[in-house]
Amino acid sequence: MLAVYKKELRSYLTSMIGYVFIAFILLILGIYFTAYNLQYASPDFGATLSAVTFLFLIITPILTMRILSEEKKNKTDQLLLTAPVPVWKIVMGKYLSMITIYLIPVVIAGFYPLIMGRYGTVSYTTTYTAVFGFFLLGCAQIAVGLFLSSITESQIIAAVITFAVLFCSYVMDGISSFFSSTSSASFMTFLVISVLIALVVYQMTKDMILSSVLGIILIAVNVVLYIVKSALYEGQIQKLLDLLSIANHFDSFVGGILD
């Protein structure tokens, strides 16, 4: 895993993607920090971080689009899969290399509250809880991009799908309002999700039997549960969509709540 980590980290830095990623985050964060915290004398650095979370819609697809799709396109994934290293170590090495790139601007941003502290009163506990939440938010979205990069050979398709998924997670509150909270609506939605899961498995494995059996099992389980106790499905789709709303979990950190 360490060898994969070093290789990927070196690859990102030599290809300039890592430098562009770091520079873009620091540029936008610096603009918002100057406008919100310095010019308006606001001690709330968490609000600044919350305002720049839209950055992940742009930078995450760029950072993650090539991490595994390029291996599949160049057929070098066969070398990785047959190497005397477990697959999870290969994936973790690639993931940690991207996290290291992301950690650099986060660490630099950690000095901003110290600058504010020289000119006023800053709640460091609340502020650094927000910084920690900002780091976790980036880690979660990079993980999403890593997974989506693994299901296609095209970097462009990986980037577009990652953008679409992350955008949906940002507007998940609006999406959930389109769904009825009745048990029948949730049941039908879970059936559609079961089919989508089977399609993703097929895309990743190219095994029609495996994906078909998985889809049938998921559909059968949902049907049985709905017949036995349909009340279980009432409001479940809203709960599921709330879990998938990645950005909403960051709000607690901005408020200083480590949840």
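**Confidence, core and pocket of the predicted model**

In the protein, confidence is lowest in α1, with a mean pLDDT of 69, and highest in α9, at 92. The structure is a predicted model, and its mean pLDDT is 84, with 98% of the residues reaching 70 or more. Where pLDDT is low, the predicted coordinates should not be read in detail.

The largest nonpolar core comprises 45 residues, of which F21, F45, L49, Y102 and F134 touch the most other members. At least two residues of this core are supplied by each of α1 (2–14), α2 (17–39), α3 (45–51), α4 (55–64), α7 (87–109), α8 (112–117), α9 (124–149) and α15 (246–254). The largest share, 10 residues, comes from α9. When residues up to four places away in sequence are not counted, L49 touches L29, A130, V131, F134 and F250. Of these partners, F134 is also listed with L49 among the core residues that touch the most other members. In soluble globular proteins, nonpolar side chains tend to be buried together.

Helix α4, one of the contributors to the core, was examined for burial. Eight of its 10 residues are buried, and α4 is therefore largely enclosed by the rest of the structure. The buried positions in α4 are L55, F56, L57, I59, T60, P61, L63 and T64.

Empty space was considered next. Rolling a probe the size of a water molecule over the atoms shows where such space is left. The largest pocket holds about 910 Å³ of space. Its lining consists of 24 residues, and those closest to the pocket centre are V165, I193, L196, V200 and L244. By residue class, the lining of the largest pocket divides into 21 nonpolar residues, three polar residues and no charged residues. Helices α9, α10 (155–170), α11 (172–176), α12 (183–205) and α14 (236–244) each provide at least two lining residues. The greatest contribution to this lining is made by α12, with eight residues. Helix α9 thus appears in both settings, as the source of the largest share of the nonpolar core and as one of the helices that line the largest pocket.

A further buried site is found in helix α13 (residues 208–228), which includes S211. The relative accessible area of S211 is 4%, under the 20% limit for burial, so this residue is classed as buried. Leaving aside neighbours within four places in sequence, S211 is in contact with A198, V201 and Y202.

Key. Residues are numbered from 1 along each chain as its sequence is written. This is a predicted model: local features need pLDDT of at least 70, side-chain atom pairs count only at pLDDT 80 or more; totals for chains, interfaces and linings use all residues. Side-chain values use heavy atoms; hydrogens and water are left out. A nonpolar core is a set of buried Ala, Val, Leu, Ile, Met, Phe, Trp, Tyr and Cys residues joined through side-chain atoms within 4.5 Å. Buried means under 20% relative accessible area, exposed over 50%, partly exposed in between (1.4 Å probe, protein chains only). Helices (H or I, at least four residues) and strands (E, at least two) are DSSP runs, numbered from the N terminus. Contact means heavy atoms within 4.5 Å. On a 1 Å grid over the protein atoms alone, a cavity is a set of points where a 1.4 Å probe fits but cannot get out, and a pocket is an open set with protein on both sides within 12 Å along at least five of seven lines; lining residues have an atom within 4 Å of a point. Grid points are joined across faces, edges and corners, and a volume is the space filled by probe spheres set on the points. Ala, Val, Leu, Ile, Met, Phe, Trp, Tyr, Cys and Pro count as nonpolar, Asp, Glu, Lys and Arg as charged, and the others, Gly among them, as polar. pLDDT is the predictor's confidence in each residue, from 0 to 100.
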